Amino acid sequence: MAGKKHQKTIPEETQNNTRNKIIYIILVTVLSIIALLSGKYSSEHQEESQLQVFQNQNITVSDAEFQVHVIDVGQGDSILVSADGHTMLIDAAESSAGEKIVSYLNAQNITSLDYAAATHMHADHIGGFPKVFASVKPEVMIEPVFQDSLIPTTKTYEKYLDAVEATGAEYKALKTGETFTLGNAQVTVLAPVSEHASTLNNTSLVLRIQYDDIVCLFTGDMETPEEKTILSTVDNTLLKADFLKAGHHGSDTSSGEAFLEQVQPKYVGISCGVDNKYGHPAESTLEHLKAYTDNIYITAQQGDIVFLYDKDTKNCNVVTSGKE
Ligand SMILES: [Zn+2]
């Protein structure tokens, strides 16, 4: 009885205050949800509007400050990175692609390179360097460190070594943790983690290139064992990337789910030949990549693939040449 009596004695003013407080809390909650939802919508909308895709275009000289060109070289890799006019050619595909790469560089008005990078010593990555270096020389040649037992005995490798020597370029063998700059881009070597990788693919030089707000990962032919070594030894926050050059031509030996979970790519470039005998890229790899992005570009289908970043507008554009 006493309790009931006590309840009855709550002044009407206090009851009104409590009701007002509840109404206020509900109102603030509803307004916060509306604000959150509209914010999410506008940021998604903004992200969409930043991407422009131009297909079947002549790849001409662009004044974008940061550029990644995945050159259509058939079955192999050759990627031109340009930051504030400073250039690096990552791989030079097979010997047969040498002329295409030279004419591509010429069309970009490139007569010398700051860096040339050989991700690993397989013919579909180093074969074209002799032809490239005959007309476009690098100031610095970078390679991964790898154990002597993996040194190839191929003619292609011999020709590559002779061509590098003839350029007079400074030579550097790199592994995890090394950094250097390319214009205003910061280049970080993520792999090889050690010189003990047991296959040439897993010796691949893996480069993280950051320019302004954009991060790109170039993975050579790295396969899942080396991806796992990176995941367990390298700061995983370094792996998150806007652009990923998928490892090993999109093969199912690479781009493992654990690795992609850290990378979360927004754009993917895959370099491989039309109807190649390896079945690259693998359907399963494409499926794994599609969990993160629909912006997957394949040289065998779209030809040359160019990713352009404009520092002032922060816009990313993708231009593809199309196939002839
Ligand atoms: Zn390869």
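The questions and answers below go through some features of this predicted model and the rules behind their names.

Residues are numbered from 1 along each chain as its sequence is written, and side-chain values use heavy atoms, with hydrogens and water left out. Because the model is predicted, local features need pLDDT of at least 70 and side-chain atom pairs count only at pLDDT 80 or more, while totals for chains, interfaces and linings use all residues.

Q: What makes D124, H125, D221 and H249 donors of the zinc ion?
A: Donors are N, O and S atoms within 2.8 Å of the metal (3.2 Å for Na, K and Ca), and a site may look incomplete because water is not among the atoms. The atoms concerned are OD of D124, NE2 of H125, OD of D221 and NE2 of H249, and they lie 2.1 Å from the zinc ion, so they meet the limit of 2.8 Å.

Q: Why is the arrangement around the zinc ion called irregular?
A: Four donors count as tetrahedral if all angles lie between 85 and 135 degrees; four count as square planar, and six as octahedral, if opposite donors are over 155 degrees apart and all others between 65 and 115, and anything else is irregular. Here the four donor atoms subtend angles of 88 to 152 degrees, which makes the arrangement irregular.

Q: Which parts of the chain do H125 and D221 tie together?
A: H125 lies in helix α4 (residues 123-126) and D221 in the loop between β11 (214-218) and α7 (224-233), so the pair ties together parts that are 96 residues apart in sequence. Helices (H or I, at least four residues) and strands (E, at least two) are DSSP runs, numbered from the N terminus.

Q: How do you know that K245 and D77 form a salt bridge?
A: A salt bridge is a side-chain nitrogen of Lys or Arg within 4 Å of a carboxyl oxygen of Asp or Glu. The closest N and O atoms of K245 and D77 are 2.8 Å apart, so the pair fits that rule. K245 sits in strand β12 (residues 243-245) and D77 in the loop between β2 (66-70) and β3 (79-83), which puts the partners 168 residues apart.

Q: Are K245 and D77 buried or exposed, and what decides this?
A: Buried means under 20% relative accessible area, exposed over 50%, and partly exposed in between (1.4 Å probe, protein chains only). K245 has a relative accessible area of 1% and D77 has 1%, so both count as buried.

Q: Why are E170 and K172 called partly exposed?
A: E170 has a relative accessible area of 44% and K172 has 32%, so each of these values falls in the range between the two limits. The side chains of E170 and K172 also meet in a salt bridge, with 3.7 Å from N to O.

Q: What makes the 35 residues a nonpolar core?
A: A nonpolar core is a set of buried Ala, Val, Leu, Ile, Met, Phe, Trp, Tyr and Cys residues joined through side-chain atoms within 4.5 Å. The largest such core has 35 residues, and L89, I101, F129, V132, M141 and Y160 have the most contacts inside it.

Q: Why is C316 not bonded to C216?
A: A disulfide is a pair of cysteine sulfur atoms within 2.5 Å. The sulfur of C316 is 8.6 Å from that of C216, its closest cysteine sulfur, and this is too far for a bond. By this rule the count comes to zero disulfides. C216, at 0% relative accessibility, counts as buried, and C316, at 5%, counts as buried too.
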